[in-house]
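Grab a pencil and work through these exercises with the model open beside you. Try each task before you read its solution.

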Amino acid sequence: MTIMDLVEKEQMKSEVPDFKAGDTVKVHAKVQEGEKQRIQVFEGVVICKKKGANRTSFTVRKISYGLGVERIFFFHSPMIDKVDIVTRGRVRRSRLYYLRKLKGKKARIREKR
């Protein structure tokens, strides 16, 4: 192992939930407003998950007032408080970028039983 690997290993979180693309998650992210800090919940569907030691990231998409909003979160960031899995989705792809073109009922994802 190189020195970079050791430094990255120290910064990684240990309690990371196991979720995949298609799952609906609630991400509790810390938001800095002036001198105050609060937790903001962002709920949506995971459309992709990118791998890498402590650079692992995932993209969450939700529809807010009829407009699609996507946000990229870094897995091991100190700005993420916790990630809750709401539902497990049943999809056949690992990248769900096609959801960007769909609206309404066509953008639904089947639930895993």
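A residue counts as buried when its relative accessible area is under 20%, as exposed when that area is over 50%, and as partly exposed in between. Keep in mind that you're looking at a predicted model.

**Exercise 1. Sorting residues by exposure**

Task: Decide whether Glu70, Arg61 and Arg100 are buried, partly exposed or exposed.

Solution:
- Step 1. Start with Glu70, which has 31% relative accessibility. That value falls between the two cut-offs of 20% and 50%, so Glu70 counts as partly exposed.
- Step 2. Move on to Arg61, at 15% relative accessibility. Because the limit for buried is under 20%, Arg61 counts as buried.
- Step 3. Finish with Arg100, whose relative accessible area is 43%. Arg100 is therefore partly exposed.

**Exercise 2. Following a chain of charges**

Task: Work out which residues are linked with Glu70 in a network of salt bridges.

Solution:
- Step 1. Recall the idea: side chains of opposite charge can pair when their charged atoms come close.
- Step 2. Look for the first partner. The side chain of Glu70 meets that of Arg61 in a salt bridge, at 3.0 Å from N to O.
- Step 3. Look for another partner. Glu70 also forms a salt bridge with the side chain of Arg100, with an N to O distance of 2.8 Å. This pair ties together distant parts of the chain, as Glu70 sits in strand S4 and Arg100 in the segment after S5, 30 residues apart.
- Step 4. Put the pieces together: Arg61, Glu70 and Arg100 form a network of salt bridges.
- Step 5. Check the count for the whole model, which holds four salt bridges. Another one of them joins the side chains of Glu33 and Arg38, at 3.1 Å from N to O. Glu33 has 44% relative accessibility and counts as partly exposed, and Arg38 is partly exposed too, at 38%.

**Exercise 3. Laying out the sheet**

Task: Find the order of the strands in the open sheet, and say which strands are at its edges.

Solution:
- Step 1. Begin with S1 (residues 24-33) and S2 (residues 36-50), which run antiparallel and are joined by ten bridges. The bridge partner of Val25 in S2 is Gly44.
- Step 2. See how the chain turns here. S1 and S2 make a hairpin with two residues between them, and Gly34 in the turn has a positive phi of about 70°.
- Step 3. Now check S5. S1 pairs with S5 in the antiparallel sense, over six bridges. Across this pairing, Val25 stands opposite Ile85 and Lys26 stands opposite Asp84.
- Step 4. Write out the five strands in order: S4-S3-S2-S1-S5, with antiparallel pairing. The edge strands are S4 and S5, since each pairs on one side only. On average, neighbouring strands of this sheet are turned by 40° against each other, direction ignored.

**Exercise 4. Comparing three loops**

Task: Locate Ser77, Tyr65 and Lys51, and decide whether each is buried or exposed.

Solution:
- Step 1. Ser77 lies in the loop between strand S4 (67-74) and strand S5 (80-87). With a relative accessible area of 17%, Ser77 is buried. Its side chain reaches the backbone nitrogen of Met79 at 3.1 Å.
- Step 2. Tyr65 belongs to the loop between strand S3 (57-64) and S4. At 86% relative accessible area, Tyr65 is exposed.
- Step 3. Look at the backbone too. Most residues other than glycine have a negative phi. Tyr65, though, has a positive phi near 55°.
- Step 4. Lys51 is in the loop between S2 and S3. Lys51 is exposed as well, at 75%. From C-alpha to C-alpha, Lys51 and Leu102 are 26 Å apart in space, and they are 51 residues apart in sequence.

**Exercise 5. Looking into the largest pocket**

Task: Find out which residues lie nearest the centre of the largest pocket, and which strand gives the most to its lining.

Solution:
- Step 1. Take the volume, which is about 420 Å³ for the largest pocket.
- Step 2. Look at the lining. It is made up of 21 residues, and those nearest the centre are Val45, Ile63, Leu99, Ala107 and Arg108.
- Step 3. Pick out the main contributor: S3 gives the most to the lining, with three residues.

Definitions and conventions
Residues are numbered from 1 along each chain as its sequence is written. This is a predicted model: local features need pLDDT of at least 70, side-chain atom pairs count only at pLDDT 80 or more; totals for chains, interfaces and linings use all residues. Side-chain values use heavy atoms; hydrogens and water are left out. Helices (H or I, at least four residues) and strands (E, at least two) are DSSP runs, numbered from the N terminus. Buried means under 20% relative accessible area, exposed over 50%, partly exposed in between (1.4 Å probe, protein chains only). A polar contact is a pair of N or O atoms within 3.5 Å; within protein, one must be able to donate a hydrogen and the other to accept it, and residues adjacent in sequence count only if both atoms are side-chain atoms. Two strands pair if DSSP finds at least two bridges between them. Axes are lines fitted to C-alpha atoms, for helices over the stretch in contact, and angles run from 0 to 180 degrees between N-to-C directions. On a 1 Å grid over the protein atoms alone, a cavity is a set of points where a 1.4 Å probe fits but cannot get out, and a pocket is an open set with protein on both sides within 12 Å along at least five of seven lines; lining residues have an atom within 4 Å of a point. Grid points are joined across faces, edges and corners, and a volume is the space filled by probe spheres set on the points.
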